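The following exercises are to be worked with the sequence and the coordinates at hand. Each task is followed by a solution in steps.

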Amino acid sequence: MADRHDSDRPEPRSETRPEPRPEPRPLDAIDRDILQILHTDGRASIRSVAERVHVSRANAYARINRLIDDGVIRGFGARINHERAGQGASAYITLKIVQNTWRTVREHLRALPGASHIALVSGDFDVLLLVHTPDNRALRELVLTRLQSIPEVLSTRTLLVFEEDDMEPES
C-alpha cells in the first residue's frame, strides 16, 4: 500500500459497532505482575494470583476485572499444538491488497478456516496471515480458491512453515 492505510481515518459510527473503550488506566507494578502470572498460566486462580502479588483476593479480582474492562486483557485461551490437533500444515501468507480495503479484507480473512493471526504491516506487502490447515492440499485450496477469490487481494505469497516453536512461557 502507499503511504496511507484506511485505518488512518476514523470509522463512522454505526449501530452495529460498539463504542470505543476509554483509554486504559496506567499500570502499576502489581498490575504488571498480574499480567505476567496470567500470561504464563491463564488458569491461575484469583487466590493464587492474590497470594503471589501480595494483595487481597478482592483487590486481585477488582484489578483483573479492570484490566479486562480496559481491554488490556483481551481474553483467556489455550496454547495449542496444531500438529497434534490435526492441523499439520502451517504457513505465513503475505498479501498485497487494494489500497484502503484493509477492513474489508480483514473480515474475509477472519472467516477463513485455520486463520490464527492477521496483521496489517508496512513494507513490500500489506497483510501477514498465519494459517494452520490439516495438510498441504487444504492449504492449497485455502490459498488458490479462498484467498485469491477475494476481490481486494492483488497477490499472495505463501511461506510454508517447516517447524515452529511457541515462544509463550510454559506453565
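**Exercise 1. Overall description**

What does the accessible surface of the protein come to, and what percentage of it belongs to carbon and sulfur atoms?

*Solution.* The model examined here is a predicted one. Its accessible surface comes to about 11900 Å², and 49% of that area belongs to carbon and sulfur atoms. Of the 171 residues, 27% are buried. Five helices and four strands are present, arranged along the sequence as α-α-α-β-α-β-β-α-β. Among contacts with a separation of 6 or more, 68% are accounted for by residues 24 or more positions apart.

**Exercise 2. The two sides of a helix**

Determine which residues of helix α5 (residues 136-147) are buried, and how they are placed about the helix axis.

*Solution.* Step 1: the buried residues are Leu139, Leu142, Val143 and Leu147. Step 2: viewed down the axis of α5, these buried residues fall within an arc of 85°, and therefore line one face of the helix. Step 3: the general geometry is consulted. An α-helix has 3.6 residues a turn, so residues three or four places apart point the same way. Step 4: the face turned away from the buried side carries the exposed residues Arg137 and Arg140. Step 5: the cover over the buried residues of α5 includes strands β1 (89-97), β3 (127-133) and β4 (153-161), together with helix α4 (102-110). Step 6: at the N-terminal end, α5 is capped by aspartate 135, a side-chain oxygen of which lies 3.2 Å from the backbone nitrogen of arginine 137.

**Exercise 3. A network of salt bridges**

Identify the partners of arginine 63 and of arginine 66 in salt bridges, and state where the paired residues lie.

*Solution.* Step 1: arginine 63 is located in helix α3 (residues 57-69). Step 2: the side chain of arginine 63 meets that of aspartate 28 in a salt bridge, at 2.9 Å from N to O. This pair links distant parts of the chain, since aspartate 28 belongs to the segment before α1 (29-40) and arginine 63 to helix α3, 35 residues apart. Step 3: arginine 66 forms a salt bridge with aspartate 31, with the closest N and O atoms 2.7 Å apart. Aspartate 31 is in helix α1 and arginine 66 in helix α3, so the pair ties together parts 35 residues apart in sequence. Step 4: the cut-off for a buried residue is under 20% relative accessible area. Aspartate 31, at 1%, is therefore buried, as is arginine 66 at 17%. Arginine 63 is likewise buried, at 14%, whereas aspartate 28 is partly exposed at 32%. Step 5: Asp28, Asp31, Arg63 and Arg66 are thus linked in a network of salt bridges.

How values were computed. Residues numbered from 1 in each chain as written. Predicted model: local features only at pLDDT ≥ 70, side-chain atom pairs only at ≥ 80, totals over all residues. Heavy atoms only, no water. Buried < 20%, exposed > 50% of the residue type's maximum accessible area, 1.4 Å probe, protein only. Helix = DSSP H or I, 4+ residues; strand = E, 2+ residues; numbered from the N terminus. Arc of directions from axis to C-beta. Contact = heavy atoms within 4.5 Å. Polar contact = N/O pair within 3.5 Å; in protein donor to acceptor, adjacent residues only side chain to side chain. Areas by Shrake-Rupley, 256 points an atom, 1.4 Å probe, with all protein chains shown as cover. Salt bridge = Lys/Arg side-chain N within 4 Å of Asp/Glu carboxyl O.
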